[in-house]
Amino acid sequence: MKNHPPQPFRLLALALSSKGLGFAVLEGRATLADWGNKLVTGDKNAGALKKVSELIAHYEPDMLVLPATNTPGSRRSARIRKLGEALVTLAATHKLKTRLLTREQLMREFITGDQERTKHALAECLAGRYPEELGDRLPPKRRPWKSEDYRMDIFEAVALALACRLRQDRRRKPGPTKQRGA
Amino acid sequence: MASSPLTNYLRKHRKRLGLSQDEVAFLLGTQSGTRVCRNERFVREPSLETALAYEVIFQQPIRELFRGLYRKIEKEVAARAGALAYRTRRQKPNRQTRRKHQVLDRIINKPDDET
């Protein structure tokens with residue numbers, strides 16, 4: 001039997017955006033320990049790195065979950081790509097494991113069938129999963145002429161953390177065993 | 001590696017109820033949210049009176065609100081119970097010492113709560 005390494009207890013997931021970042025702390029199987037936004041002004045990358053360092057110091061996570069910003073075809077801005085790289089380096093300095101998840105992987109985890117693969121659909125799904133914590137944080141659906149609501153970062157961060165946990169659980173689950181004589 | 005719970009989960013429960021730090025401070029009977037902020041950031045441990053007030057506000061038992069602190073204290077008490085059990089084993093066995101050993105064994109072998 002394959003021995004799996006112990007599952008990381010606490011995950012810190014970060015969603016990077018033009019306004020700052022959203023964060024979510026997931027403990028155990030799927031308990032949300034904290035969630036929120038960190039708005040950054042001025043030198044945004046330096047500010048964001050400082051805020052993330054504070055979050056790491058406070059929550060002492062086992063793993064950092066980040067959106068994959070440098071995949072081919074990614075449409076993230078140069079600043080966000082740089083910030084993504086800097087966060088991976090920061091995690092390494094704190095001896096933290098890092099997981100990068102693409103938007104596709106996130107959507108596949110939560111949206112099934114013919115549902116629209118949009119951030120709003122993802123947020124609705126998570127608000128349904130955590131009604132007490134996130135129910136009243138769900139922003140209205142974005143109109144095409146409006147910019148994205150800052151609260152959407154929280155949902156993206158929660159989605160990253162939960163998707164990472166679900167993938168770990170699947171990997172740890174033993175596969176179907178062949179029955180003799182079947 | 002962090003495999004232990006956080007010292008407290010006050011921020012989580014405050015956010016879950018949609019209350020601000022100032023509002024919680026008002027319910028605690030203090031002037032501003034500074035004390036609440038310090039409690040949430042693990043900078044300062046609340047008094048017993050404040051901890052009980054948190055239990056009333058968040059409708060969660062203290063051991064759940066201060067899970068990390070509870071675990072730490074639990075371990076310390078278990079270690080002391082081990083020392084006391086060692087000391088009492090040298091006493092003459094009677095009904096009272098047997099009862100004492102049962103109590104101390106229960107403290108020492110308390111199974112960890114699942115998170």
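**Exercise 1. Around Leu32(A)**

Which residues does Leu32(A) touch, not counting residues up to four places away in sequence? Find out, too, where Leu32(A) sits and whether it is buried or exposed.

*Solution.* Keep in mind that you're looking at a predicted model.

- Step 1: Find the place. Leu32(A) belongs to strand S3 of chain A.
- Step 2: List the partners. Leu32(A) touches Ala24(A), Leu26(A), Tyr130(A), Glu133(A) and Val158(A), once residues up to four places away in sequence are left out.
- Step 3: Count neighbours. There are 21 other C-beta atoms within 10 Å of Leu32(A). The cut-off for buried is 20 or more, so Leu32(A) is buried.
- Step 4: Look along the chain. Leu134(A) is 102 residues apart from Leu32(A) in chain A, yet the two C-alpha atoms are separated by 10.0 Å.

**Exercise 2. The buried side of H4(A)**

Work out which residues of helix H4 (residues 119-129) of chain A are buried, and how they are placed around the axis.

*Solution.*

- Step 1: Pick out the buried residues. In H4(A) these are Lys119(A), Leu122(A), Ala123(A) and Leu126(A).
- Step 2: Check the arc. They cover only 100 degrees around the axis, so they lie on the same side of H4(A).
- Step 3: See what lies over them. The cover includes helix H3 (103-110), helix H5 (131-134) and helix H6 (152-172) of chain A.

**Exercise 3. H4(A) against H6(A)**

Now take one of those covering helices, H6(A). Describe how H4(A) and H6(A) pack.

*Solution.* Two numbers get you going: packed helices are described by the angle between their axes and the distance between the axes.

- Step 1: Read the geometry. The axes of H4(A) and H6(A) are 9 Å apart, at an angle of about 70 degrees.
- Step 2: Name the arrangement. Angles from 65 to 115 degrees count as roughly perpendicular, and H4(A) and H6(A) are therefore roughly perpendicular to each other.
- Step 3: Add the handedness. H4(A) and H6(A) cross in a left-handed way.
- Step 4: Name the contact. From H4(A) come Lys119(A), Leu122(A), Ala123(A) and Leu126(A), and from H6(A) come Met152(A), Phe155(A), Glu156(A), Val158(A) and Ala159(A).
- Step 5: Sort by class. The contact of H4(A) with H6(A) has seven nonpolar, no polar and two charged residues.

**Exercise 4. Two more helix pairs**

Do the same for H1(A) with H2(A), and for H6(B) with H7(B).

*Solution for chain A.*

- Step 1: Helix H1 (residues 44-59) and helix H2 (residues 78-93) of chain A have axes that come within 10 Å and cross at roughly 30 degrees. That angle makes H1(A) roughly parallel to H2(A).
- Step 2: The crossing of H1(A) and H2(A) is right-handed.
- Step 3: By class, the contact of H1(A) with H2(A) has seven nonpolar, two polar and three charged residues.

*Solution for chain B.*

- Step 1: Helix H6 (residues 67-88) and helix H7 (residues 95-108) of chain B pack with axes 8 Å apart, at about 155 degrees. That angle makes H6(B) roughly antiparallel to H7(B).
- Step 2: The crossing of H6(B) and H7(B) is left-handed.
- Step 3: By class, the contact of H6(B) with H7(B) has eight nonpolar, four polar and one charged residues.

**Exercise 5. Positive phi**

Place Glu60(A) and Gln59(B) in their loops and give the phi of each.

*Solution.* Most residues other than glycine have a negative phi.

- Step 1: Glu60(A) lies in the loop between H1 and strand S4 (63-67) of chain A. Its phi is positive, about 45 degrees, although Glu60(A) is not a glycine.
- Step 2: Gln59(B) lies in the loop between helix H4 (48-58) and helix H5 (62-65) of chain B. Gln59(B) also has a positive phi, near 55 degrees.
- Step 3: Compare with the cut-offs: 12 or fewer neighbours means exposed, 20 or more means buried. Glu60(A) has 17 C-beta neighbours inside 10 Å, so it's partly exposed. Gln59(B) has 8 other C-beta atoms within 10 Å, so it's exposed.

**Exercise 6. Where the chains meet**

How many residues does the contact take from chain A and from chain B?

*Solution.*

- Step 1: Chain A gives 13 residues and chain B gives eleven residues.
- Step 2: On the side of chain A that touches chain B, strand S3 (31-39) and H5 each supply at least two residues.
- Step 3: By class, that side of chain A has three nonpolar, two polar and eight charged residues.

Methods:
Residues are numbered from 1 along each chain as its sequence is written. Chains are lettered from A and ligands numbered from 1 in the order in which they are written. This is a predicted model: local features need pLDDT of at least 70, side-chain atom pairs count only at pLDDT 80 or more; totals for chains, interfaces and linings use all residues. Axes are lines fitted to C-alpha atoms, for helices over the stretch in contact, and angles run from 0 to 180 degrees between N-to-C directions. Helices (H or I, at least four residues) and strands (E, at least two) are DSSP runs, numbered from the N terminus. Angles under 35 degrees count as roughly parallel, over 145 as roughly antiparallel, 65 to 115 as roughly perpendicular and the rest as oblique. A crossing is left-handed if the near helix is turned anticlockwise from the far one by less than a right angle, and right-handed if clockwise. Ala, Val, Leu, Ile, Met, Phe, Trp, Tyr, Cys and Pro count as nonpolar, Asp, Glu, Lys and Arg as charged, and the others, Gly among them, as polar. The arc is that of the directions from the helix axis to the C-beta atoms. Two residues are in contact if their C-beta atoms, placed from the backbone, lie within 7 Å.
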